[in-house]
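Subject: Structure for your review

Dear colleague,

Please find below the sequence and the structure that I am handing over to you. My notes on what was found follow directly after them.

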Amino acid sequence: MSEKQAHKRVIQGRIVSKAGDKSVVMLVERKVVHPKYRKIVKRFKKYTIHDEQNTTKVGDVISAIECKPISKRKAFTLKEIITKGVEL
């Protein structure tokens with residue numbers, strides 16, 4: 001009997017802040033159609049991402065993969081850095 005790999009969500013977004021040691025806050029933007037007005041609007045959500053080596057900086061675009069909960073609000077870990085940003 002072979003075990004199946006569970007599907008894990010992969011999200012992509014921009015880092016908006018460093019949230020302590022080994023943690024960053026990522027902003028994910030998605031576009032949805034408004035139910036009444038049929039206009040495309042942006043929806044935003046922030047996720048706390050686990051960054052084991054502290055390699056990311058504010059402004060980087062990263063992708064993160066779902067994992068088991070690390071803390072109360074952390075359930076994603078860093079998968080890869082897509083583009084480097086400029087920290088102001």
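Phe76 counts as buried, because its relative accessibility is 4% and the cut-off for a buried residue is under 20%. Please bear in mind that this model is predicted. By the rule applied here, the model holds one aromatic pair. Tyr47 and Phe76 form this pair in an edge-to-face arrangement, with 5.3 Å from centre to centre and 70° between the planes. Tyr47 belongs to strand 3 and Phe76 to strand 5 (residues 74-83), so the pair links distant parts of the chain, 29 residues apart. Tyr47 is buried too, with a relative accessible area of 15%.

Both aromatic residues also belong to the largest nonpolar core, which has 10 residues in all: Ile11, Ile15, Val24, Met26, Val28, Tyr47, Ile49, Ile62, Ala64 and Phe76. Strand 1, strand 2 (23-33), strand 3 (40-50) and strand 4 each give two or more residues to this core. Strand 2 provides the largest share, namely three residues. As general background, nonpolar side chains tend to be buried together in soluble globular proteins.

The strands themselves are arranged as follows. Five strands close into a barrel in the order 1-2-3-5-4, and their pairing is mixed. On average, neighbouring strands of this sheet are turned by 50° against each other, direction ignored. In general, strands of a sheet pair through backbone hydrogen bonds, either parallel or antiparallel. Strand 1 (residues 10-18) and strand 4 (residues 61-66) run antiparallel and are joined by five bridges. Within strand 4, Ala64 is the bridge partner of Ile11, and both of these residues are members of the core listed above.

Which residues does Val24, another core member, touch beyond its neighbours within four places in sequence? Val24 is in contact with Ile15, Ser17, Lys18, Ala19, Tyr47, Thr48, Ile49 and Thr56.

The last of these, Thr56, is found in the loop between strand 3 and strand 4. Is Thr56 buried or exposed? Thr56 is buried, because its relative accessible area is 1% and the cut-off is under 20%. The side chains of Thr56 and Asp51 are joined by a polar contact of 2.9 Å. Leaving aside neighbours within four places in sequence, the contacts of Thr56 include Ile15, Val24, Ile62 and Leu78.

His50 lies in strand 3 and is buried, with a relative accessible area of 15%. The side chain of His50 makes a polar contact of 2.8 Å with the side chain of Glu52. The His50 side chain also reaches the backbone oxygen of Lys22 at 3.4 Å. Not counting residues up to four places away in sequence, His50 touches Lys22, Ile70, Lys74, Phe76, Thr77 and Leu78. Phe76, with which these notes began, is thus one of the residues that His50 touches.

Finally, Lys8 is found in the segment before strand 1. Lys8 is partly exposed, with a relative accessible area of 36%. Lys8 and Cys67 are 59 residues apart in sequence, and their C-alpha atoms are 7.4 Å apart in space. Leaving aside neighbours within four places in sequence, Lys8 is in contact with Ile65 and Glu66.

Yours sincerely

Definitions and conventions
Residues are numbered from 1 along each chain as its sequence is written. This is a predicted model: local features need pLDDT of at least 70, side-chain atom pairs count only at pLDDT 80 or more; totals for chains, interfaces and linings use all residues. Side-chain values use heavy atoms; hydrogens and water are left out. Two strands pair if DSSP finds at least two bridges between them. Helices (H or I, at least four residues) and strands (E, at least two) are DSSP runs, numbered from the N terminus. Axes are lines fitted to C-alpha atoms, for helices over the stretch in contact, and angles run from 0 to 180 degrees between N-to-C directions. A nonpolar core is a set of buried Ala, Val, Leu, Ile, Met, Phe, Trp, Tyr and Cys residues joined through side-chain atoms within 4.5 Å. Buried means under 20% relative accessible area, exposed over 50%, partly exposed in between (1.4 Å probe, protein chains only). Contact means heavy atoms within 4.5 Å. A polar contact is a pair of N or O atoms within 3.5 Å; within protein, one must be able to donate a hydrogen and the other to accept it, and residues adjacent in sequence count only if both atoms are side-chain atoms. Rings of Phe, Tyr and Trp (its six-membered ring) pair if their centres lie within 6.5 Å; planes under 30 degrees apart count as stacked, over 60 as edge-to-face and the rest as tilted.
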